[in-house]
Structure formats: structure tokens, C-alpha cells
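Reader: Could you walk me through this model at an easy pace? I will ask as things come up.

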Amino acid sequence: EGGGAAEGGGSLGLCQSLCPAPASASRPPPVPLLPAAAPMQYVSQQSAISQPTQAVPPQFGYVILVFIYSWVMLAYLGVKVGIARKKYNVKYPDMYSDKDPIFNCIQRAHQNTLEIYPQWLIFQLIAGIVYPVTASLFGIIWVTSRFSYAWGYYTGVPEKRKIGSYGYIGFLGVMSLSLVVAFKTIFSP
């Protein structure tokens, strides 16, 4: 159905797929979508705009809930740093304290989570598009592990942060699913 430049649709294929067609023109070419169980499905731009839930797998809501859960986790860690700043009198823009190692542990728990969060978000999204339930389970494991990691760090004994190491199950899980999605996308007929 339809086609861009690569399918013989002319040199305007890219523009036709990105730009809305004039009212007098025929419908724009379909936009590709990766559903949960099929290698590739196409949804027209008009359909994706008028019915946005067709552009995501039916269970993608679980992935969205995991993203919201991750926001709660980040907010919690950030608030803990704010409270510790007041308690240990660490002024902005100082990131760490020269006097209070407990503050540094609280700050590092938050900072380390922020350092890995962008990678997790990308993997969670990619995995969630095709495997929403499995990705959500891995996401819950990872987000929950960040609480455990922080609580271990908050003791002031940095080695206790390792109680959150089970988060690697979740992180490597969505990373592996993302690789599967990539290869399925590349090699799908």
C-alpha cells in the first residue's frame, strides 16, 4: 500500500511521510508501527491522529504506569537530597560536602540514578513498544531497586547500596528486549 521514494513513490517520499498532504491530494503513505506480535504493521497518519491508542500496543498503559512510578522514585530521591541539604547545611551550587559523608551518600544515590536513568528510559520505551507486559515487569524491578539502592546508601555505609543490585535484572532485561526488537525490525520480512 502506498510508498515513499524507496518504493518508487518519487523523490518526495520523505516529505510525503512527514508533511500533511494538501486537501486535494490522496492520503499520505502509511506510517510504520511495531505491534506486540507482528513483525510490522502500518497505520495511516490520519488513523494514528484520530485514534492514538491504535498507534501503541493495547497493554502499553502498563509501560506508562512504570514511567509514572519512575517519576515518583526520582521525586522521592530529589526530596531526600533537598532535606539533607538543609540538615547538613550544604549550600547550592555545592554538589557534595567536605564535612558530612552522610550527605554525600544521599546525594550519590540520587546522582547515580540520574546518570543511568536516560539509558533506562530509552530501553524501557523500545522494549515496551513490542513487549509491554514483560518490559513493565522489568521496569518495576529496576525502579524498585533504585529505592533499595538509595536506602542502603542512606545508611552512610556505601557498600550497603549493593542491596539494590537486583536492579540489573530489570535493566539488562529491557536492554535485551531492546536488542530483540532491533533485530526483529532489521530482519523482519
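**Overall layout**

Author: The protein has six helices and two strands, and since this is a predicted model, everything I say below is computed from it. Along the sequence the elements follow the pattern α-β-β-α-α-α-α-α.

Reader: And how much of the protein counts as buried?

Author: Of its 189 residues, 36% count as buried. As for contacts between residues at least 6 apart in sequence, 60% of them join residues at least 24 apart.

Reader: Let's take a helix, say α6: what span should it have, and what do its end C-alpha atoms give?

Author: Helix α6 covers residues 167-187, and at 1.5 Å a residue its 21 residues should span 30 Å, which agrees with the 30 Å that separates its end C-alpha atoms.

Reader: Which residues of α6 are buried?

Author: The buried ones are Gly167, Gly170, Phe171, Gly173, Val174, Leu177, Ser178 and Val181. Seen down the axis of α6, these buried residues fall within an arc of 160 degrees, so they line one face of the helix.

Reader: What do they pack against, and which residues are exposed on the other side?

Author: The buried residues of α6 pack against α4, which is 101-130, and against α5, which is 132-153. On the other side of α6, the exposed residues are Tyr168, Ile169, Ile186 and Phe187.

Reader: Can you show me the packing from the side of α5, with Ala135, say: what does that residue touch?

Author: Ala135, which has its place in helix α5, touches Gln124, Ala127, Gly128, Val174 and Leu177, leaving aside residues up to four places away in sequence. Val174 and Leu177 are among the buried residues of α6. Ala135 itself counts as buried, because its relative accessibility is 0% and the cut-off for buried is under 20%. The C-alpha atoms of Ala135 and Phe123 are 9.0 Å apart, and these two residues are twelve apart along the chain.

Reader: Switching to α3, what do its buried residues pack against?

Author: They pack against α4 and α5, and the buried residues of α3 include Phe67, Met73, Leu74, Leu77 and Arg85. Helix α3 runs over residues 60-88, and its 29 residues should span 42 Å at 1.5 Å a residue, in agreement with the 42 Å between its end C-alpha atoms.

Reader: Is there a residue in α4 that touches α3, and what else does it touch? I had Thr113 in mind: what are its contacts?

Author: Thr113 lies in helix α4 and, not counting residues up to four places away in sequence, touches Met73, Leu74, Leu77, Trp142 and Arg146. Met73, Leu74 and Leu77 are among the buried residues of α3. Thr113 is buried as well, with a relative accessible area of 0%.

Reader: Now the stretch after α3: what is the phi of Asn89?

Author: Phi of Asn89 is near 55 degrees, a positive value in a residue other than glycine. Asn89 has its place in the loop between α3 and α4 and counts as partly exposed, at 48% relative accessibility.

Reader: I also want to check Pro93: is the peptide bond from Tyr92 cis or trans?

Author: The bond from Tyr92 to Pro93 is cis, with omega near 10 degrees. Pro93 is placed in the loop between α3 and α4.

Reader: On to charges: how many salt bridges does the count come to?

Author: The count comes to one salt bridge. Arg108 forms it with Glu115, and their closest N and O atoms are 3.1 Å apart. Side chains of opposite charge can pair when their charged atoms come close.

Reader: How accessible are Arg108 and Glu115?

Author: Arg108 is partly exposed, with a relative accessible area of 24%, and Glu115 also counts as partly exposed, at 41% relative accessibility.

Reader: Which rings have the charged end of an arginine sitting over them?

Author: The charged end of Arg146 sits over the ring of Tyr149, 4.2 Å from its centre, and that of Arg161 sits over the ring of Tyr153, 5.6 Å from its centre.

Reader: Last one: how many aromatic pairs are found in the whole structure?

Author: The search finds eleven aromatic pairs. Ring pairs link Phe67, Tyr117, Trp120 and Trp142 into a cluster, and Phe67 is one of the buried residues of α3.

Key:
Residues are numbered from 1 along each chain as its sequence is written. This is a predicted model: local features need pLDDT of at least 70, side-chain atom pairs count only at pLDDT 80 or more; totals for chains, interfaces and linings use all residues. Side-chain values use heavy atoms; hydrogens and water are left out. A salt bridge is a side-chain nitrogen of Lys or Arg within 4 Å of a carboxyl oxygen of Asp or Glu. Buried means under 20% relative accessible area, exposed over 50%, partly exposed in between (1.4 Å probe, protein chains only). Rings of Phe, Tyr and Trp (its six-membered ring) pair if their centres lie within 6.5 Å; planes under 30 degrees apart count as stacked, over 60 as edge-to-face and the rest as tilted. A charge sits over a ring if NZ of Lys or CZ of Arg is within 6 Å of the ring centre and within 35 degrees of the ring normal. Helices (H or I, at least four residues) and strands (E, at least two) are DSSP runs, numbered from the N terminus. The expected span of a helix is 1.5 Å times one less than its number of residues. The arc is that of the directions from the helix axis to the C-beta atoms. Contact means heavy atoms within 4.5 Å.
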